[in-house]
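Biologist: Could you take me closely through one part of this model, the open sheet, and then place it beside whatever else can be said with care?

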Amino acid sequence: MSQSMIEQPNVIYLKDYEVPAFLVEQTELRFELEEDQALVRSQVRYARNPESSNRQHPLLLDGHESLELQRLSIDGEVLSEKDYRRVGEQLSIPNLPDHFTLECITRIEPQNNTALEGLYKSDGMFCTQCEAEGFRRITFYQDRPDVMALFETIVVADKQRYPVLLSNGNMVDAGDEDDGRHWVKWQDPFPKPAYLFALVAGDLECIDDRFTTASGRHVSLKIFAETKDLDKLDYAMTSLKQSMKWDEEVYGREYDLDIFMIVAVDFFNMGAMENKGLNIFNTSCVLAHPETTVDAGFQRVEAVVAHEYFHNWSGNRVTCRDWFQLSLKEGFTVFRDSQFSADMNSPTVKRIEDVALLRTAQFAEDAGPMAHPVRPASFIEISNFYTLTIYEKGCEVVRMLHTLLGAETFRKGSDLYFDRHDGQAVTTDDFVQAMADVSGRDLSRFKLWYSQSGTPQVSVTGEYDAEHQRYTLHMRQSCPATADMATKQPFLIPVAVGLLDAQGDDIPLTGGQTTEVLECVAAEQSFVFDNITVEPTPSLLRDFSAPVKLRFPYSREQLVFLMQHDSDGFNRWDAAQQLAVGIMSELVVDYQQGRTLVLDSALIEAYRQILNDASLDKAMVAKVLTLPSEAYLSELAEVIDVDAIHQVHRFVKDAIATALAPLFLQVYQANTSAEEYSPDATSVARRSLKNLALSYLMTTEQPEYLALALQQFKQADNMTDSQAALTLIAHSGFEAEAAEVLASFYQRWQSESLVVNQWLAVQASDPKPDALARVEALQQHEAYDASNPNKIRSLVSVFCAQNMQNFHNSDGSGYRFLADQIIVLNKQNPQIASRLLTPLTRWKKYSAEQGALMKAELQRINNSGDLSRDVFEVLSKSLA
Ligand code: 0A1
Ligand code: ZN
C-alpha cells in the first residue's frame with residue numbers, strides 16, 4: 001500500500017450515528033491571549049449519558065493535531081501519558097467514573113492560524129470560527145452539535161492592544177491585572193454546542209442601539225468594527241431591528257438575552273456566523289455606505305444580518321443532532337431570510353434572484369461530482385457541505401412544505417417544532433414530523449426530498465377536449481442518476497398552475513381560485529380541469545413552486561403571450577427567459593456550424609413591448625430584459641461550448657441594443673435622478689433599469705454612449721452608479737478610457753478594502769483576452785493580500801468562476817493558473833482551496849479536449865502531496 005493510501009481520510013456515515021458517551025453539564029474556559037501564543041484552560045463537568053448503551057465507554061475528545069497539550073487532570077489528579085491515548089484527531093480516556101471534572105490546558109498559536117478555523121488573528125484582533133469543527137482547534141472537547149453545555153468564559157489580554165473582550169451571553173465580571181492586562185468574564189445562560197462558541201478581542205469601537213421585545217425585554221444592540229468603519233454600520237443596525245420585529249410578527253419568536261452583538265472582521269472564510277449572542281461577520285456582509293456599497297451589497301447586508309439573527313431560534317435554541325442535519329438549520333433559516341427580504345423589498349424580484357441562483361449553481365452542483373442530498377448520507381470533510389444544495393435547495397424544500405400546507409398551518413408547524421424541541425439537538429425528520437402532526441398529512445413521500453439527490457425533470461403536455469370543455473395536463477417526472485445515487489423514486493412535487501384564457505386573464509379553477517397546487521407523486525399522472533370553455537394557455541410551476549426542470553412545448557407566441565399577461569410575476573419573467581433560451585440555443589448550433597447569425601425578431605418585439613409598458617414595476621422590467629446568463633446557458637447545455645455561448649450572448653445583446661437603442665436611451669434618461677441616494681426598493685429598481693439600459697447601449701460600442709458612461713462615472717454620488725459605469729467602460733473595447741477609469745477608481749478608493757475588492761473583481765471578470773495576465777499582475781499589487789479570503793475570492797474566484805471565456809482558454813492557461821493557486825492554498829487555507837476547485841470539477845461537461853486539460857490539472861493537484869481532507873474529498877470525487 002502506498003503512503004497516500006494509508007493516510008486516506010475516513011468517510012463518516014449518517015447510519016453510524018451514536019449518542020455521545022458523556023454529557024456536559026458545564027464548560028468553563030479561560031483564555032490567556034498573548035502575541036506568540038494563547039493558553040486555554042478548560043474545566044468541564046461530565047456525566048455519563050444514561051442513553052448510551054455502553055457503560056464502560058471511554059470519553060472520546062476531539063482535538064486538532066495543532067493542539068499542544070500541557071496538562072490534563074481529572075478531579076484534580078494529573079493524568080500521565082499512559083492514562084489516555086491520543087491518535088490523530090482523537091484523545092481517548094478510559095476507566096472513568098460517572099461524574100467528574102476534566103481540566104485541560106492547551107497551548108495554541110492563533111497568530112499562525114491561516115486556516116481561519118478555531119481561534120485566529122484577523123488584522124490584529126483575535127476572533128473565532130467554530131462551526132463546524134473549529135472548537136477542536138482550541139481545546140480537547142466532544143466537538144459535536146448534540147453535546148450542549150452552559151458556557152462560562154474568561155478572556156485575559158493586554159488592555160491597550162485589546163480593550164474590547166467579548167464572548168457569548170452576558171458580561172458578568174471584569175477587572176484589571178497589575179501587568180497591563182485585563183480580563184472579562186462572560187456567562188451564557190443557554191446550553192449550546194461548541195460550534196456556537198465565540199470570542200473576540202481587539203481594538204474595536206461600536207454603535208449602540210436598543211430593542212424592546214414584544215414581551216417588554218430590553219435588549220442592548222451593539223455592532224463592533226474598526227474605528228475607520230464605524231460610519232458603515234447604520235444599515236446593519238436598521239436591518240437587525242427590522243429582523244427582530246419581523247421574527248416576532250411572522251414566527252412569534254422573541255430574542256432571549258439582554259445583549260446582542262455583531263462584530264465585523266476582515267479575514268473570514270464565509271459570510272457570517274450565528275454564535276449565540278455574538279455574531280461574527282465578514283466585513284463584506286455588514287459594512288454598508290452609499291459611497292462605498294452597491295445596491296446589491298445593501299441587500300446582502302440586510303439578508304445576512306437577518307439570516308444570522310434568525311438562527312437564534314432556527315439553529316441555536318433548536319440545533320442539529322449531527323452535521324448530516326445541517327440543512328435543518330440552514331435550509332429553514334434561508335427560507336426565513338428569503339421571506340423577510342421579500343417582505344422588505346419586492347417579493348417577485350427576490351424570487352427571481354433566488355431561482356436564478358438555484359437554477360444555475362445548485363442544478364450544476366446536482367449534475368456534478370459533488371452531488372448530494374439535502375441530508376447527505378456520508379462525508380469526508382463537513383466543511384465541503386456548506387453547499388448550494390444544503391442552503392438553497394434546503395430552502396426550497398421548506399418552501400414546498402409552506403406551499404403544500406399553506407401559511408397558517410406551516411406557522412402552526414413551526415410553533416410546534418420550536419416548542420417541542422427547544423434546547424434540543426434534532427433531525428430533519430423531527431422538523432417534518434412537526435409539520436405532519438399539525439397538518440394531519442402523511443409526509444413520508446415528501447421526505448424523499450431530503451434523502452435523494454438530483455434535479456427532477458417534469459415533462460408536461462396539455463390536451464383540450466372542446467366537446468367536454470375539459471383540459472387535461474399530463475405530467476411525467478423522472479430524476480437523472482447523480483454521481484452519488486443511481487436510481488430515484490418519484491418525488492411529491494407541488495406544481496402550482498394557472499390557466500389563461502384568450503385575453504390572458506386567469507380562468508377561475510376549483511373554488512374560484514386562480515392558482516391551484518397540483519401534487520405530482522407518480523412517474524406519470526394526469527390532472528383534469530372541467531368547465532374550461534376555450535383552450536387555455538397553462539402557466540406552470542408558478543412562483544417556481546418546486547426545484548425542478550419543467551418542460552412544456554410552448555410555441556414562441558405562447559411565451560410572448562405569457563410574458564405579457566401572466567398574473568404570476570415570476571412566470572412572466574420565466575417566459576421571457578424560456579423565449580430567449582430557445583432562441584439562443586438555436587443560435588449556438590448555428591454558430592457551431594458556421595452559419596450567419598440572425599436574431600428572431602420575436603425577441604426584439606417582446607422586449608420593445610416591455611420597454612413601452614409604463615405600468616410595469618421597473619425592477620421587473622430590468623429582470624425581464626436581462627438575457628439568460630452564460631452560466632445558465634452552460635448549465636442547460638449537454639456539452640458546454642464556452643466560446644459559442646459567449647459569442648451568441650454578445651451577438652444577441654448587440655442585436656437587441658442596436659434595434660432598440662433609442663428606447664434604451666429614453667429609459668436611461670428618464671431614470672437618471674438627482675435625488676439623494678437611498679437603498680429603498682423603488683430607488684434600487686430605478687437604478688437597476690437605468691444601468692441595464694446603459695449596458696445595452698454600451699454593447700453597441702458607439703462613442704456617444706461611452707460619453708454617457710464616462711459622465712455617469714464622473715458624476716455618480718453613489719457606488720451603484722459609479723461601479724456600473726466602471727464595469728461597462730473597463731470591459732469595453734475603449735481601451736484608453738478603460739485604463740483611465742480603472743486608475744482613477746483605484747486612486748480614489750485605495751484605502752477602502754471592500755471597494756478595492758470590487759476593483760479587483762471588475763478586472764478579473766473582463767472578457768478581453770489579456771485578463772489572465774492582468775489577474776497575475778494584480779496578485780503582485782500592493783492592494784492584494786494572498787492570505788485574505790475576500791481578496792482571493794475577488795480576484796481568483798471571479799476569474800475562474802465568472803470569466804468563462806478566459807478561464808476556459810483552449811491553451812489550458814486558466815486551468816494551470818487555478819491548479820497552482822490550489823496547491824498553495826491547500827496548506828494555507830483548506831476550506832478556501834476546496835471551494836476554489838469547483839470550476840475544474842465540472843470537466844465532464846466540456847469537450848473531450850478541454851475536459852482532458854482540466855482533468856490533467858486535477859491530477860497534478862492530486863500528485864502534489866499532503867492534501868487536506870477538504871481538497872482530498874473534492875478531488876477524489878471529481879476523478880472517480
Ligand atoms: N452557519 C453560518 C455559515 C458558516 C459556516 C461555516 C463557517 O466557517 C467554516 C462560517 C460560517 C451561516 O449559515 O451563516
Ligand atoms: Zn446559516
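Modeller: In this predicted model, I would begin with a single pairing, that of strand 10 with strand 11 (residues 125-129), where five bridges join the two strands and the directions are antiparallel. Within that pairing, lysine 121 has phenylalanine 126 of strand 11 standing opposite. Widening the view, these strands belong to an open sheet of four, whose order is 10-11-16-13 and whose pairing is antiparallel. Strand 10 (118-122) and strand 13 (164-167) each have a single partner strand and stand at the edges, so each has one side left without a neighbour in the sheet. From one strand to the next, the twist averages 20 degrees.

Beyond the sheet, an unreviewed UniProt entry places the feature "domain: Peptidase M1 membrane alanine aminopeptidase" at residues 235-446. In the model, the span of residues 235-446 is 55% helix and 9% strand, and its end C-alpha atoms lie 39 Å apart.

Further along the chain there is a residue that can be described in similar detail, serine 813, which is found in helix 24 (residues 813-828). Serine 813 has 15 other C-beta atoms within 10 Å and is therefore partly exposed, since that class lies between the limits of 12 or fewer for exposed and 20 or more for buried. The C-alpha atom of serine 813 is separated by 9.5 Å from that of leucine 853, although the two residues are 40 residues apart along the chain.

Notes
Residues numbered from 1 in each chain as written. Chains lettered and ligands numbered in written order. Predicted model: local features only at pLDDT ≥ 70, side-chain atom pairs only at ≥ 80, totals over all residues. UniProt positions renumbered as here; feature names shortened; annotations may be inferred. Pairing = 2+ DSSP bridges. Axes fitted to C-alpha atoms, helices over the stretch in contact; angles between N-to-C directions.
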